[in-house]
Amino acid sequence: MAPAVTGVVLAGGDSHRMGRDKAFLEFAGLPLVRHVIEALRPACVDLMVVTKTPLRYASLGVRVVTDADPRRAALVGLCTGLRAVATPLAFVAACDLPHLSAGVVTWMTSLARGYDAVVPWAGGRWHPLHAVYATSALAALERRLAAGGLRMSEVLGELRVRRIEEAELAVLSPGLETLRNINTPEDYSSLKAHGAGRTPKSGTDPIPS
């Protein structure tokens, strides 16, 4: 049996390149954060949103965890989320992944045994906000945070990481669409232009055997 996993959506960024809150940009009739939640739902036993502005997310129908740390960094949100997780594993996702795949989430979770994290490597870089983390890794992450280290790429160097290669991921997500995030107005315009007629996620992505 696969270990239980909690879905953790990080919504603590300032969206400075977008110029407005990315989480609530609409795509296919739903805000981006809702697409992420619905993709995680079939793969997770619990769901939460981690944010510095909890009232904005109160209507989403999932647990909202307040990140009171004034520092705006992915590691801060990650540690806040892992402290609130009761399962052995967490799938941590940014709030702006409109094509996040439930099948990929389940597959990545199945690879986590013996590792602190399962993280894709694509385009010459890590994708730490589309990744599985063992809650047992929290102590190491907090030590890094306390030492002032905020760069996720450096943090991963201290963990036992199962690296997901592009070719592996492309089997379940052609074009690596599951990793696609929305950072700029141009990204959002492209998403809408290529997503015309797309229906909201149903949570029925194929799950590999």
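A polar contact, as the term is used on this tour, is a pair of N or O atoms within 3.5 Å, and within protein one of the two must be able to donate a hydrogen and the other to accept it. The model you have open is a predicted one, and the stops below go from the whole chain to a helix pair and then to a single threonine.

Begin with the whole protein in view, where you can follow seven helices and 10 strands. Of its 209 residues, 49% count as buried, and the accessible surface comes to about 9,600 Å², of which 53% belongs to carbon and sulfur atoms. Among contacts between residues at least 6 apart in sequence, 72% join residues at least 24 apart.

Next, select residues 74-83, which form helix 2, together with residues 138-146, which form helix 4; the two pack at an angle of about 145 degrees, with their axes 10 Å apart, and helix 2 passes helix 4 in a left-handed crossing. Show side chains here, and you will find that Leu 75, Val 76, Leu 78, Cys 79, Leu 82 and Arg 83 of helix 2 meet Leu 138, Leu 141, Glu 142, Arg 144 and Leu 145 of helix 4. Sorted by class, this contact has eight nonpolar, no polar and three charged residues.

Now move to Thr 178, in the loop between helix 6 (166-172) and helix 7 (185-194). Is Thr 178 buried or exposed? Thr 178 counts as buried because its relative accessibility is 0%, where buried means under 20%. Leaving aside residues up to four places away in sequence, Thr 178 touches Leu 97, His 99, Leu 100, Ser 101, Val 104, His 130, Leu 169 and Ser 173. Finish by selecting His 130 with Thr 178, since their side chains are joined by a polar contact of 2.8 Å.

Terms used. Residues are numbered from 1 along each chain as its sequence is written. This is a predicted model: local features need pLDDT of at least 70, side-chain atom pairs count only at pLDDT 80 or more; totals for chains, interfaces and linings use all residues. Side-chain values use heavy atoms; hydrogens and water are left out. Axes are lines fitted to C-alpha atoms, for helices over the stretch in contact, and angles run from 0 to 180 degrees between N-to-C directions. Helices (H or I, at least four residues) and strands (E, at least two) are DSSP runs, numbered from the N terminus. A crossing is left-handed if the near helix is turned anticlockwise from the far one by less than a right angle, and right-handed if clockwise. Contact means heavy atoms within 4.5 Å. Ala, Val, Leu, Ile, Met, Phe, Trp, Tyr, Cys and Pro count as nonpolar, Asp, Glu, Lys and Arg as charged, and the others, Gly among them, as polar. Buried means under 20% relative accessible area, exposed over 50%, partly exposed in between (1.4 Å probe, protein chains only). Accessible areas come from the Shrake-Rupley method with a 1.4 Å probe; for residues, only the protein chains shown count as cover.
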